[in-house]
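Trainee: Could you take me through this structure and show me how each label is earned?
Mentor: Sure, let's have a look together.

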Amino acid sequence: MSDGPQVTFNEDERLNLLRELCLLDTPADSILDSITKVCATVFNVPIALISLIDDHRQWFKSKYGLAVNETPRDQAFCAYAIHGQAPMVVLNAIEDPRFVNNPLVKSAPNIRFYVGVPIVIEEDKCIGTLCIIDSIPRQAFSPEETQLLVELCSMVRERIKLLSTVGYFDALTQLPNRTRFIDDVEALLHRPMGAEPLMSIAVDVCGEEYFRGVTKALGWEYAETMLIAAKEKLKKTLSPYTLYRISTTLFAVNVEASKAAVVVQEVIKTFAHPVEHQSIPYRFDMTISSVLPEQCQDPKDVVRALVTTVDLARHHNLEFLPYEKSLEDAPRHAFNILMAIPNALTSCNELSLHYQPKVDLISGALVGVEALLRWQHPLMGCIAPNLFIPLAEKTALMRRITSWVLDQGLKQAAEWQAQGHTFSMALNVSAVDLDSDQFLARIQGLIEAYHLNPSGIEIEFTESALIANPMATLQRLQVLRHMGISLSIDDFGTGYNNLYFFKMLPATALKIDQSFIRDLQFDPRNIIIVKSLIAMAREFGFRVIAEGIESEAVYKTLRDLGCDDGQGYWIARPMPRLQFEKWLQGRKA
Ligand code: C2E
Ligand code: MG
Ligand code: MG
């Protein structure tokens, strides 16, 4: 048909709304499919459709009795129906000059009877129709039938509204969400060849951790309105581009690649000035990342690339960092390591404990061993505890690891105690372990199960254990002490040193960190520090142990400074059980 249906008077707005609803080319929806099926049954027609009128086509969001997904707009009956607010009834198409020559009338599906009810979402904006079609003409379509079809159409409208709000919108900011962002990136990736490349840009307005802090300190309402204030500012700066919220504090936008640099500068400029929020001038500490969607294999990877890069940028205090493939290697490796831990915990040969001797610096006698975790992964090889423990500490896996170490270590300690050895067994625990009473129960249970003498057991912890909840942690340490277990403060002199809590620690020993020990004899400042630490430990009644003794000179210096015990490669490296037992026998001999 050459003189097909005209465009609607508000065609641009109508099409914009259709796009915003994100319905075109989406998978079938079971509720909408039920409605078209009901239509076909109650009106006794072979075809019922939900047709969306796009630029040059009608696309069927739901179709009953029709095989094709779309037909050209200029043949669509529905393209006429969307002009009015009322149902369009065609009883016999060959008697209607608008349709007599229509290919859909002249050949399959040989339309004769058609009724289409416009789907009006917002005032005057009609996106398509719910329609019924038959190849047999009718004499009439009663007002009752019309009314029923109109009611079914309002169900269609409500369903479409619900789909667009629940699936694609972020309730807090009223912005399209991550799912919508991913779908849009996908659509952008399928644009015709030669279209200008696009850049996805993410703006993290304050960092999730900070946001949680604000929530805890000032409450949800304040935190959320603060986020909305940031959104408003961003939306203004980034207009006319569509702004998305892709995670708690992360907003995103797709812009022409050639304009990306300018857009980034604009955002930086905008946030350079404080934002007034509830009368408090507030400066957002924002970070930006960008990625060319073509750099990623899948649209979902675009989000991952943006998040990884923005986190890295924040970590390194950068305002802006563009994505590069190599940036992902470190986090992905970390992710692979984390994913492999559960398997390691259940496999019988990936994890093991090595034992490093601690000796009395004067007599040279063995006073204890420190159990150190080793992980031999079948593909990744040997993974250092300094790599996987800090990762596990951020997850619930740490407790399972500690549980494994406690079980293996205490079983071994029981075996050595039964053989008459008196050296102690030291086990390392993480701050998170001391966060709950579970740990106390577990250790108590194992001591009883293995008939252990608790005075031969030592727990090494670092002062970081006291950061989160110092009083509760101190109490748990007291409980361990009352059980008869010894307590060592590990890596002393680095990190968190709060003397207020230090004076309350029920510890028995203090381990001076390796960084002060390694080349002690060459650095007079380290000698001063070590001397003072020894003096302080004495005052508190702690034994002092130096870790990282790598030479005889350091050993002797420490002994002369009055340090009690020592541990280090020069004395012995951490060893598997059998090797350690051999080492022990060799010393006796
Ligand atoms: P840490 O508890 O301070 O353990 C001492 C670390 O220093 C060990 O590293 C040990 O092999 C190393 N070391 C000992 N003597 C020397 C020396 O003379 N020179 C040098 N350069 N290093 C020496 P490792 O086994 O790699 O463990 C590193 C850290 O991982 C440990 O530091 C501890 O914080 C953690 N870790 C190890 N096993 C466990 C565990 O079972 N549980 C927990 N929570 N953490 C563990
Ligand atoms: Mg240790
Ligand atoms: Mg240490």
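Mentor: Start with the metal: along the chain, the donors of the magnesium ion (ligand 3) follow the spacing D-D-x55-E. This is a predicted model, in which local features need pLDDT of at least 70 and side-chain atom pairs count only at pLDDT 80 or more, while totals for chains, interfaces and linings use all residues. Residues are numbered from 1 along each chain as its sequence is written, chains are lettered from A and ligands numbered from 1 in the order in which they are written, and side-chain values use heavy atoms, with hydrogens and water left out.

Trainee: What makes an atom a donor of the magnesium ion (ligand 3)?
Mentor: A donor is an N, O or S atom within 2.8 Å of the metal (3.2 Å for Na, K and Ca), and sites may look incomplete because water is not among the atoms. Here Asp-490 (OD), Asp-491 (OD), Glu-547 (OE) and Glu-547 (OE) coordinate the ion at 2.0 to 2.6 Å. Asp-490 also coordinates the magnesium ion (ligand 2), and the two ions are 4.2 Å apart.

Trainee: Why is Asp-490 called buried?
Mentor: Buried means under 20% relative accessible area, exposed over 50%, and partly exposed in between (1.4 Å probe, protein chains only). Asp-490 has 8%, so it counts as buried. Asp-491 has 28%, so that one is partly exposed.

Trainee: How do you know that helix H14 has the expected span?
Mentor: The expected span is 1.5 Å times one less than the number of residues. H14 (residues 438-449) has 12 residues and should span 16 Å; its end C-alpha atoms are 16 Å apart, so the two agree.

Trainee: And which residues of H14 are buried?
Mentor: Phe-439, Leu-440, Ile-443, Leu-446 and Ile-447. Seen down the axis of H14, they fall within an arc of 135° (taken from the directions from the helix axis to the C-beta atoms), so they line one face of the helix. The face turned away from that buried side carries the exposed residues Gln-438, Ala-441 and Ala-449.

Trainee: What makes the lining of the second largest cavity part nonpolar and part charged?
Mentor: Ala, Val, Leu, Ile, Met, Phe, Trp, Tyr, Cys and Pro count as nonpolar, Asp, Glu, Lys and Arg as charged, and the others, Gly among them, as polar. The lining consists of Leu-188, Leu-189, Arg-191, Leu-198, Pro-293 and Glu-294. By class that gives 4 nonpolar, no polar and 2 charged residues.

Terms used:
1 Å grid on protein atoms, 1.4 Å probe; cavity = no way out; pocket = protein on both sides within 12 Å on 5 of 7 lines; lining within 4 Å. Helix = DSSP H or I, 4+ residues; strand = E, 2+ residues; numbered from the N terminus.
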